Amino acid sequence: MKRAANCAAILAAGGLGLRFNKGLPAEKSAEQKSKQFLQLRGQALYSWSLRVLAQHESISNVVVVVPAKLQTEIALEIDQLSGSSEFTAEVSVVAGGNSRQESVYRGLKAIAGLKPNMELVMVHD
């Protein structure tokens, strides 16, 4: 199947995991990582989705939206991951906003900057 040149994906991983940590005692909740960065079989949860998106034949670009304070760390992690995986899409990392809506908007702006004529964008939330 031929790659669709105008299809991109936003991987929204910029949240704080507040709903995920709801119901935990305050001291445990403060220690918890956001769910997208928890480990599953030795890898962060977000990386499982990233692999599928970045290797999909119809996706040319993936923008990963992460908390601003983790942007550099996650970008380095993704660089290592892309070197050991068969990513076919271009992957970039941007800082998220104060809400899911703002984070997705920042992802859309990043895609517009990469490819202004992008025809289709999917959001993995």
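Here, a residue is buried at under 20% relative accessible area, exposed at over 50%, and partly exposed in between. Keep that in mind for the first close-up, and remember throughout that this is a predicted model.

**View 1. A salt bridge within helix α5, between R106 and E102.** The closest N and O atoms of R106 and E102 sit 2.8 Å apart, and the count for the model comes to one salt bridge. Why can these two residues meet within α5? R106 and E102 are four residues apart in this helix (residues 100–114), so about one helical turn separates them. Are they buried or exposed? Neither, quite: E102 has 27% relative accessibility, so it falls in the partly exposed class, and R106, at 33%, is partly exposed too.

**View 2. The open sheet, with its four strands in the order β5-β4-β1-β6.** Pairing is parallel across the sheet. β5 and β6 (120–124) are the edge strands, each pairing on one side only. From one strand to the next, the twist averages 20 degrees. Strand β1 (residues 7–12) is joined to β4 by five bridges and to β6 by five bridges. For landmarks, look for I10 opposite V63 in β4, and for C7 opposite L120 in β6. On the other side of β4, six bridges link it to the parallel strand β5 (residues 90–95), with V64 and V93 as bridge partners.

**View 3. Strand β4, covered on both faces.** All six of the six residues in β4 (residues 61–66) are buried. One side carries N61, V63 and V65, while V62, V64 and V66 take the other, and every one of them is buried. Zoom in on V64 and you'll find it touching L11, L50, I78, V91, S92, V93 and V94, leaving aside residues up to four places away in sequence.

**View 4. Helices α3 and α5, each lying across the four strands of the sheet.** Helix α3 (residues 45–55) crosses β1, β4, β5 and β6, and runs at about 180 degrees to β1. Helix α5 lies across those strands as well, with an angle of about 145 degrees to β4.

**View 5. The nonpolar cores, the largest of which has 20 residues.** Which residues touch the most other members of this core? They are Y46, L50, I59, V62, V64 and I78. β1, α3, β4 and α4 (71–84) are the elements that each give two or more residues to it, and α3 supplies the largest share, with four. There's also a second, separate core of nine residues, among them V63, V94, V104 and A110. As a bit of background, nonpolar side chains tend to be buried together in soluble globular proteins.

**View 6. The whole chain, with five helices and six strands, for putting the close-ups in context.** Following the sequence, the pattern reads β-α-α-β-β-α-β-α-β-α-β. Of the chain's 125 residues, 39% are buried. Among contacts with a separation of 6 or more, 73% link residues 24 or more positions apart. The accessible surface comes to about 7,800 Å², and carbon and sulfur atoms account for 53% of that area.

Notes:
Residues are numbered from 1 along each chain as its sequence is written. This is a predicted model: local features need pLDDT of at least 70, side-chain atom pairs count only at pLDDT 80 or more; totals for chains, interfaces and linings use all residues. Side-chain values use heavy atoms; hydrogens and water are left out. A salt bridge is a side-chain nitrogen of Lys or Arg within 4 Å of a carboxyl oxygen of Asp or Glu. Buried means under 20% relative accessible area, exposed over 50%, partly exposed in between (1.4 Å probe, protein chains only). Two strands pair if DSSP finds at least two bridges between them. Axes are lines fitted to C-alpha atoms, for helices over the stretch in contact, and angles run from 0 to 180 degrees between N-to-C directions. Contact means heavy atoms within 4.5 Å. A nonpolar core is a set of buried Ala, Val, Leu, Ile, Met, Phe, Trp, Tyr and Cys residues joined through side-chain atoms within 4.5 Å. Accessible areas come from the Shrake-Rupley method with a 1.4 Å probe; for residues, only the protein chains shown count as cover.
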